[in-house]
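Biologist: Before we go into details, could you take me through this model as you would read it yourself? I would like to have the general idea at each step, and then the case at hand.

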Amino acid sequence: MKRAHKIILLLVLLFGLVITAVFLLRSSDRTITTSEEILGTIPANNTTQEVGFDKNEFSTTDPASLWVVTNKNRALPDDYAPELGVPNVRLRLERTAEQMQLATIATPPLEAMFAAAEADGVNLVFGSGYRSFALQKQFYDGYVAQFGQEQADTFSARPGTSEHQTGLAFDVTAADGSCHLQICFKDTPEGVWVAENAHTYGFIIRYLEGKEDITTYQYEPWHLRYVGPKLATELKNNDQTLEEFFLLL
């Protein structure tokens, strides 16, 4: 009888060991799954996750689109005009001047950016925003008369191809007027602050240094364009122009 008891006890112990091993194995599997979920390698709820940047979220051809790409080869309709407003910031000209307007979608972010700059001790000035086809023609024709067409084309857009007509672009300047519309603006406190922080509010420096062959314009550290924080951050992180990002070279 004692031998039989020993055999039964041994079987019970073996069975217990098997149950424990199975339990530990299942716990280990669950731990691995949980780690994968935490790391994001698989969706925790088995749903499909968006991968990459959706370049088709907004149109690049619709003049009213947040991501419209306007350049020498991509003109706007002559009569296009966005919904406009005058931002509540320091303006270079009187509020009644056409250039003191900006597309309403870009006005709140611009005001937030100016307020943030002021909190950092930097006083930005809204230099020039919306320009109609007619006003841009006046500017361009004047530059051609003064500098010749070839040189004028390096820094002034022909009427119909100016980002200013979208209402999404504006020129920023310093309160003391230093380096107004000059490349040296990049070295002013205002220029440095804008280069470091504008993307947070959805603005990019549209014509980057070293990208002149791509944008076909000179480097303009004062020319800002609103595209929204998501795209602005993407472009800054990758040091890209709109043409490069959207493969419109």
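Biologist: Let me begin with a single pairing: which residue in β4 is the bridge partner of S128?

Modeller: Please keep in mind throughout that we are reading a predicted model. In general, the strands of a sheet pair through backbone hydrogen bonds, either parallel or antiparallel. Here S128, whose place is in strand β3, has D171 in β4 as its bridge partner. That pair belongs to a wider pairing, for 4 bridges join β3 to β4 (residues 169-174), and the two strands run antiparallel. Further along, F126 stands opposite V172 in β4.

Biologist: In what order do the strands of this sheet lie, and is the pairing parallel or antiparallel?

Modeller: The sheet is an open one of 4 strands, in the order β3-β4-β6-β5, with antiparallel pairing. The edges are held by β3 (124-128) and β5 (203-207), and because each has a single partner strand, one side of each is left without a neighbour in the sheet. On average, and with direction ignored, neighbouring strands are turned by 45° against each other. As for the remaining pairings, β4 is joined to β6 by 3 bridges, with D171 standing opposite H223 in β6, while 4 bridges join β5 to β6 and I204 has R225 as its bridge partner in β6.

Biologist: How many of the residues of β3 are buried, given that this strand stands at an edge?

Modeller: An edge position describes the pairing within the sheet, and burial has to be read separately. In β3, 5 of the 5 residues are buried, so the strand is largely enclosed by the rest of the structure. The strand β6 is mostly covered too, with 7 of its 7 residues buried. For the protein chain as a whole, buried residues make up 39% of the 249 residues.

Biologist: Which helix lies across these strands?

Modeller: That is helix α2 (residues 107-119), which lies across β3, β4, β5 and β6 (220-226) and runs at about 140° to β3. A useful check on any helix is to compare its expected span with the distance between its ends. At 1.5 Å a residue the 13 residues of α2 should span 18 Å, and because its end C-alpha atoms are 18 Å apart, the two values agree. The buried residues of α2 are T107, P109, L110, M113, F114, A116 and A117, and just after the helix G121 takes a positive phi of about 85°.

Biologist: Which residues of the largest nonpolar core touch the most other members?

Modeller: The general idea is that in soluble globular proteins, nonpolar side chains tend to be buried together. In this model the largest nonpolar core has 40 residues, and those touching the most other members are F114, F126, F170 and V172. The largest share of this core, 5 residues, comes from α2.

Biologist: Is V172 buried or exposed, and what does it touch?

Modeller: V172, in strand β4, has a relative accessibility of 1% and therefore counts as buried, the cut-off being under 20%. Leaving aside residues up to four places away in sequence, V172 touches F114, L124, V125, G127, F185, V194, W222 and L224. Of these, W222 is 50 residues apart from V172 in sequence, yet the two are 5.2 Å apart in space, C-alpha to C-alpha.

Biologist: What polar contact does the side chain of S128 make?

Modeller: The side chains of S128 and Q99 are joined by a polar contact of 2.7 Å. S128 counts as buried, at 3% relative accessibility, and R92, M100 and H164 are among the residues that S128 touches.

Biologist: And where is Q165 found?

Modeller: Q165 is found in the loop between α4 (149-152) and β4, and this loop residue is buried, with a relative accessible area of 1%. A polar atom of the Q165 side chain lies 3.4 Å from the backbone oxygen of D78. The residues touched by Q165, not counting those up to four places away in sequence, include L76, P77, Y80, Y130 and F133.

Conventions. Residues numbered from 1 in each chain as written. Predicted model: local features only at pLDDT ≥ 70, side-chain atom pairs only at ≥ 80, totals over all residues. Heavy atoms only, no water. Pairing = 2+ DSSP bridges. Axes fitted to C-alpha atoms, helices over the stretch in contact; angles between N-to-C directions. Contact = heavy atoms within 4.5 Å. Buried < 20%, exposed > 50% of the residue type's maximum accessible area, 1.4 Å probe, protein only. Polar contact = N/O pair within 3.5 Å; in protein donor to acceptor, adjacent residues only side chain to side chain. Expected span 1.5 Å × (residues − 1). Core = buried A, V, L, I, M, F, W, Y, C linked by side-chain atoms within 4.5 Å.
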